[in-house]
Amino acid sequence: MRAFAGVIMLAAAVLAGCGGTEPAESEPASPTSGAAEATTTTPSSSPESSAPVETTSPVEEASPGTAGAIERFEQFLAAVGSEDTDTACEIAGPAAKRAEDQGFGSCAETFGLMFQLISPDQKQALRGATVDENGITVESPTKVAIPASAVQATATFTSGDLGDSVLEFIDGQWYVTD
């Protein structure tokens, strides 16, 4: 039996229920939510005044982008490899909460079990793992699918080992949601 695969599968289910700190339930933030206003100064066209005229216009906030999702997932992988339960549970909070609601243990309990079953070589590989941007699927500006095949590490991880993950941009941050 592939202990790591079994534990990761259990952890993935529990990650869908690893309810440590999680963001408040809400719809994913839209890329334009929290739009700021920019002040633009233009010269006055009135001959009576040589003072500049200031106008304000909404400036769209930048899309959260795939780079942020990749960075956050790499932090998650490093946390798992380092046995950092707090970070792993924070990033996987929404998925963990769902798993916990389905009867799995708490995130901390599940990751504690998972950490015992991951070999030292696999942990080391996860600590340095990166994600190949070409291997991910952008489902929307606020939802990115990262298959195990996109994870680059000194050990090979399959969907059966690591699972495929979905990250969503919620309240200004990327979270593992599935």
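Among contacts in the chain between residues at least 6 apart in sequence, what percentage join residues at least 24 apart? The share is 67%, where contact means heavy atoms within 4.5 Å.

**Before selecting anything**

The structure is a predicted model, in which local features need pLDDT of at least 70 and side-chain atom pairs count only at pLDDT 80 or more, while totals for chains, interfaces and linings use all residues. Residues are numbered from 1 along each chain as its sequence is written, and side-chain values use heavy atoms, with hydrogens and water left out.

**The whole chain**

Display the chain in cartoon form. Its secondary structure comes to seven helices and eight strands. Helices (H or I, at least four residues) and strands (E, at least two) are DSSP runs, numbered from the N terminus. The chain has 178 residues, and 38% of them are buried. Buried means under 20% relative accessible area, exposed means over 50%, and partly exposed lies in between (1.4 Å probe, protein chains only). Switch to a surface view: the accessible surface comes to about 9,300 Å², and carbon and sulfur atoms account for 51% of that surface. Such areas come from the Shrake-Rupley method with a 1.4 Å probe; for residues, only the protein chains shown count as cover.

**The sheet**

Next, select strand 4 (137-140), strand 5 (residues 143-146), strand 7 (residues 165-170) and strand 8 (residues 173-176). These four strands form an open sheet in the order 4-5-7-8, with antiparallel pairing. Strand 4 and strand 8 stand at the edges with a single partner strand each, so one side of each has no neighbour in the sheet. Neighbouring strands of this sheet are turned by 25° against each other on average, direction ignored. Axes are lines fitted to C-alpha atoms, for helices over the stretch in contact, and angles run from 0 to 180 degrees between N-to-C directions.

Two strands count as paired if DSSP finds at least two bridges between them. Strands of a sheet pair through backbone hydrogen bonds, either parallel or antiparallel.

Follow the pairs across the sheet:

- Strand 4 and strand 5 pair over three bridges in the antiparallel sense, and they form a hairpin with two residues between them. Here Val138 stands opposite Val144 in strand 5.
- Strand 5 and strand 7 pair over four bridges, again antiparallel. Val144 stands opposite Leu167 in strand 7, and Ile146 stands opposite Ser165 in strand 7.
- Strand 7 and strand 8 are antiparallel partners over four bridges. Phe169 stands opposite Trp174 in strand 8. In the hairpin of these two strands, which has two residues between them, Asp171 takes a positive phi near 50°.

**Strand 7 in detail**

Zoom in on strand 7 and show its side chains. Are its two faces covered or uncovered? Both are covered: Ser165, Leu167 and Phe169 on one side are buried, as are Val166, Glu168 and Ile170 on the other.

Select Ser165, which has 9% relative accessibility and therefore counts as buried. Leaving aside residues up to four places away in sequence, Ser165 touches Phe73, Val144, Ala145, Ile146, Val176 and Asp178.

Move along the strand to Phe169, which counts as buried because its relative accessibility is 13%. Then add Pro64 to the selection: Phe169 and Pro64 are 105 residues apart in sequence, yet 7.2 Å apart in space, C-alpha to C-alpha.

**Helix 2**

Select helix 2 (residues 65-81), which lies across strand 4, strand 5, strand 7 and strand 8 and runs at about 50° to strand 8. Helix 2 has 17 residues and reaches 25 Å from its first C-alpha to its last, close to the 24 Å expected at 1.5 Å a residue. The expected span is 1.5 Å times one less than the number of residues. Its buried residues include Phe73, Phe76 and Leu77. Just after helix 2, look for Glu83, whose phi is positive, near 60°.

**Helix 6**

Finish at helix 6 (residues 120-127), where the buried residues are Lys123, Ala125 and Leu126. These cover an arc of only 160° around the axis, which puts them on the same side of helix 6. The arc is that of the directions from the helix axis to the C-beta atoms. Turn to the other side of helix 6, where Pro120 and Asp121 are exposed.
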